[in-house]
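Open the model in your viewer and keep the selection panel at hand. Each stop below says what to select and what is there.

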Amino acid sequence: MIKAILVFNNHGKPRLSKFYHHYSEDTQQQIIRETFQLVSKRDDNVCNFLEGGTLIGGSDYKLIYRHYATLYFVFCVDSSESELGILDLIQVFVETLDKCFENVCELDLIFHVDKVHYILGELCMGGMVLETNMTEILTRYDEQIKLEKQERNFLANAPAGLAAAPARAVSAVKEMNIPQKIKDIKLPDLPSIKL
């Protein structure tokens with residue numbers, strides 16, 4: 001099971017963090033710093049697997065990472081996950097981001113965090129891997145983008161109609177002239193009752 005997914009730059013600034021176990025905000029920041037210290041000091045020619053830091057589970061968990069240009073992609077997993085499978089998952093994640101943003105860079109992760117989280121949500125949820133087929137992920141991403149465009153188009157064309165709706169409702173009530181209608185109601189004569 002995946003415990004956390006972290007993406008940070010060469011200077012340790014987090015660009016994406018997704019924790020699948022509850023940690024306080026301070027603990028999350030400490031985990032990010034500790035993970036960066038563990039991963040960044042490793043040579044490029046060594047294995048991409050190492051034991052998790054003390055804050056994220058120690059030897060019971062593994063940090064699996066890939067370093068692309070200015071970004072580190074780190075998955076913290078338990079012993080039930082395959083190291084090579086997670087390396088492949090990182091590759092799928094990065095390639096999907098690359099297709100969606102046309103040569104993804106650090107700024108894309110900063111300015112399109114909602115889209116990055118959507119892609120990550122298609123990839124895994126709740127610490128479990130959902131989809132590893134990049135074509136399927138891209139199809140779902142394209143469908144989401146189409147829905148967002150339809151919603152924007154609807155809202156762009158709707159303000160005149162939606163904004164005018166309360167005014168039309170008020171004028172319709174005024175045209176009804178309710179006080180006069182109440183006066184015009186003819187009630188039948190009630191029989192008089194003698195006591």
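**The middle of the sheet**

Start with β4 and β5, which pair in the antiparallel sense over eight bridges. This is a predicted model. Select Leu63 and look across to β5, where its bridge partner is Cys76. Now follow the hairpin of β4 and β5 round its turn, with two residues between the strands. Stop at Ala69, which takes a positive phi near 50°.

Next, select β5 on its own, residues 71–78. Is this strand enclosed or open? Eight of its eight residues are buried, so β5 is largely enclosed by the rest of the structure. Show the side chains. Leu71, Phe73, Phe75 and Val77 point one way. Tyr72, Val74, Cys76 and Asp78 point the other way. Such alternation between the two faces of the sheet is what a regular strand shows.

**Out to one edge**

Add β1, residues 2–9. It pairs with β5 in the antiparallel sense, over seven bridges. Select Asn9 to find one of the contacts between these strands: its bridge partner in β5 is Leu71.

Now add β2, residues 14–19. β1 and β2 are antiparallel as well, joined over five bridges. Pick Leu6 and look for Ser17, its bridge partner in β2. Then trace the hairpin of β1 and β2, which has four residues between the strands. Gly12 is the residue to click there, with a positive phi near 90°.

**Out to the other edge**

Return to β4, residues 61–68, and add β3. Three bridges join these two strands, which run antiparallel. Glu51 stands opposite Lys62 in β4.

Zoom out with the five strands selected. In what order do they stand in the sheet? The order is β2-β1-β5-β4-β3, the sheet is open, and the pairing is antiparallel. β2 and β3 (49–51) are the edge strands, each with a single partner, so one side of each has no neighbour in the sheet. Turn the view to look along the sheet: the twist averages 20° from one strand to the next.

**Two helices on the sheet**

Select α1, residues 25–40. This helix lies across β1, β2, β3, β4 and β5, and runs at about 70° to β1. Now select α2, residues 83–101. It packs on the sheet too, touching β1, β2, β3, β4 and β5. The direction of α2 makes about 35° with that of β4.

**Helix α5**

Move on to α5, residues 134–157. Begin just before it, at Asn133, which caps the N-terminal end of the helix. A side-chain oxygen of Asn133 lies 2.9 Å from the backbone nitrogen of Thr135.

Draw a distance between the end C-alpha atoms of α5: they are 35 Å apart. At 1.5 Å a residue, the 24 residues should span 34 Å, which agrees.

Which residues of α5 are buried? Select Met134, Ile137, Leu138, Tyr141 and Ile145. Then show what covers the buried residues of α5, including α2 and α4 (113–123).

**Salt bridges**

Side chains of opposite charge can pair when their charged atoms come close. How many salt bridges does the model hold? The count comes to four.

Stay on α5 and select Glu136 and Arg140. Their closest N and O atoms are 3.0 Å apart, in a salt bridge. The two residues are four apart in the helix, about one turn. Add Glu143, whose side chain meets that of Arg140 in another salt bridge, 3.1 Å from N to O. Arg140 and Glu143 are three residues apart, again about one helical turn. Shared partners join Glu136, Arg140 and Glu143 into one network. Colour the trio by accessibility. Glu136 is partly exposed at 31%, Arg140 is partly exposed at 29% and Glu143 is partly exposed at 39%.

For the last stop, select Glu106 and Arg15. They form a salt bridge, with the closest N and O atoms 2.7 Å apart. Glu106 lies in helix α3 (residues 106–111) and Arg15 in strand β2, so the pair ties together parts that are 91 residues apart in sequence. Buried or partly exposed? Glu106 counts as buried, at 18% relative accessibility. Arg15 is partly exposed, with a relative accessible area of 22%. The cut-off for buried is under 20%.

Key. Residues numbered from 1 in each chain as written. Predicted model: local features only at pLDDT ≥ 70, side-chain atom pairs only at ≥ 80, totals over all residues. Heavy atoms only, no water. Pairing = 2+ DSSP bridges. Axes fitted to C-alpha atoms, helices over the stretch in contact; angles between N-to-C directions. Contact = heavy atoms within 4.5 Å. Expected span 1.5 Å × (residues − 1). Buried < 20%, exposed > 50% of the residue type's maximum accessible area, 1.4 Å probe, protein only. Polar contact = N/O pair within 3.5 Å; in protein donor to acceptor, adjacent residues only side chain to side chain.
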